[in-house]
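Student: Could you take me on a close look at a single part of this structure? I would enjoy one connected walk through a strand and its surroundings.

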Amino acid sequence: MTVLKTSINKDDSRFITNYDYNKSLNKEIQSLISEVKNKREKGLIEKHKSRAKLLARERIQLLIDENSRFLEFSALAAYDNYDQNFPSAGIITGLGTIHGIETIIVANDATVKGGTYVSETIKKHLRAQEIALQNNLPIVYLVDSGGVFLPEQANVYPDKDHFGRIFFNQATISANRIPQVAIVMGACTAGGAYIPAMSDESIIVKDTGSIYLAGPPLVKAATGEVVSVEDLGGAKVHTSISGLVDHLAENDEEAISICRNIFEHLNITPKQGLSKIASEDPLYPIDEIYGLIQKNLSLQFNMYEIIARLVDGSRLQEFKSNYGKTIITGFARIKGYNVGIIANNGILFSESAQKATHFIELCSSRNIPIVFLQNIAGFMVGKEYEHKGIAKDGAKMIQAVATANVPKFTIIIGRSSGAGNYAMAGRAYQPNLLFLWPNAEISVMGGEHAANVLAGIKMKNPGSPILSTKEESELKKNIQERYQRESSSLFSTSRLWDDGIIDPADTRDVLAMGISMSLNKPFPEPKTGVYRM
Ligand code: COA
């Protein structure tokens, strides 16, 4: 297998500028993540703890196996919304192991507006369920929530992917025989009551846990009945009178320990086979990636250099190396796992799309997961390329990506634009996981192009106002600024267009966890054989 050689010069001023820029961008993102995890208005953490409750992240830490990693999803959800009042959208989701079983964990953070749900909270909860369903992973719900954030009701209540979808998903997950366990460790109000009610097994913590469709104030208003929280839906009521909950725990620690005991008897079936050998580090330091990614993404960077820092031993068994050279396809190992790599090294042409399609079919036929490394401005445009059938060839690739029977993992490591986003397994193509590097830029086209297109349209029709040079440049400037803001990684992750922003140096570990997770579901048979393009 070919060992990729590096030709970078670390003393080159462009390498140094890129390195410093990307390193500090990454530091900025990591400090925002740390802030949403730890920073709360004065008194909120103390209030939570004074009730003998563990914080949501402490609960997760206790739940997962000792010295194991929790891969958190979308920590910066809702980042730029609600005056920063919903850190992580008030819910923590991620992948952890319990007695060695890969599990999705969904934990309400009651220090954020009583653990209530705004639109991003719901999106995050639903995404966690989607990952569980796509990969056959059990789910644990750590419930501590006042339900819907009432002022936002129009954005969270009645639509298909609003609050009610959580319970629809629970029913579907259950029908797929995927275990779900709920631990009620605080409020569990209104519709939220269906979370434990629709889980396979449930646990409630004495004194702090409560479950009811309507709280005491609403009961009084609706029926005149006066009742305390404990008498209405406390731990004793549900474990000895209503039978809604199966296990009573004295405190958070005991509840978590009961949940771990439940996992000892889940009888999880063996995983999908995938060849795996001993992991080997790449030949070159992974942090050199910071120097390789261009600060200005209009400038191309050499994807071979990136791959050389991501795959075991920097080895790549390249496929069609001399054909369709703007896309790199080949087999490699990531932490020992056999994977197919598809990586952009320029704009997509007919040949590159055909080559990628052929390669996706090979991976599908051989049951090998695919890693997409996106840095793509789009497909080539222009008369020559239209005549050659670029749309037809792009369609082949999009078709293959959409119907591939193997797990897909997408890392947006640079630009993600045009139909390149689709063909390279963008969010709509349901990769099992999709992460961004801090420098990622996602937009339908570059800001400059969009500005020219829009200004052109505005002025083309007969009778359109003639713009002065100043007005035209003002219009273009506004569009460019808007595109710049809306294409940033923070803008994307705040809206859950991805599963989070990761440190480039963490990519191998994240991918290995994802690949391992995806093997919990047997891969279906490929829908076609291998067609040569
Ligand atoms: N909608 C909007 N805001 C809510 C809310 C809801 N459902 N539930 C709580 N909040 C807000 C509170 O106004 C408060 O905001 P503030 O910090 O800006 O003052 C914050 O969340 C914390 O609530 P608080 O009551 O102070 O905390 P608590 O820990 O003592 O109690 C609850 C938390 C969730 C048990 C309690 O607030 C409650 O019962 N809320 C109503 C739940 C409800 O009826 N939900 C129906 C949804 S369909």
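**A strand and the ligand shell**

Tutor: Happy to! One thing to keep in mind is that this is a predicted model. Let's begin with the ligand, whose shell is made up of 6 nonpolar, 4 polar and 3 charged residues. In total, 13 residues surround the ligand, and the closest are Arg51, Lys113, Gly146, Val148 and Leu150. Lys113 places a polar side-chain atom 2.5 Å from a ligand oxygen. Arg51 also uses its side chain, with an N or O atom 2.7 Å from an oxygen atom of the ligand. Gly146 instead offers a polar backbone atom, 2.8 Å from a nitrogen atom of the ligand. Taken alone, the ligand has 860 Å² of accessible area, and the protein covers 53% of this.

Now for the strand itself, E5, which spans residues 139–145. Here 7 of 7 residues are buried, and that holds for both faces. One side carries Ile139, Tyr141, Val143 and Ser145, while the other carries Val140, Leu142 and Asp144.

What flanks E5? Strand E4 (residues 101–108) runs parallel to E5 and is joined to it by 4 bridges. Within this pairing, Ala107 stands opposite Leu142. To get from E4 to E5, the chain passes through helix H4 (residues 119–135), making a right-handed β-α-β crossover. Strand E6 (residues 180–188) is also parallel to E5, with 6 bridges between them. Leu142 appears here too, with Ile183 as its bridge partner in E6. Leu142 is thus a handy residue to click on: you can follow it to Ala107 in one direction and to Ile183 in another.

Definitions and conventions
Residues numbered from 1 in each chain as written. Predicted model: local features only at pLDDT ≥ 70, side-chain atom pairs only at ≥ 80, totals over all residues. Heavy atoms only, no water. Near = heavy atom within 4 Å. Polar contact = N/O pair within 3.5 Å; in protein donor to acceptor, adjacent residues only side chain to side chain. Areas by Shrake-Rupley, 256 points an atom, 1.4 Å probe, with all protein chains shown as cover. Nonpolar A, V, L, I, M, F, W, Y, C, P; charged D, E, K, R; others polar. Buried < 20%, exposed > 50% of the residue type's maximum accessible area, 1.4 Å probe, protein only. Helix = DSSP H or I, 4+ residues; strand = E, 2+ residues; numbered from the N terminus. Pairing = 2+ DSSP bridges. Right-handed = clockwise from strand over helix to strand, strands pointing away.
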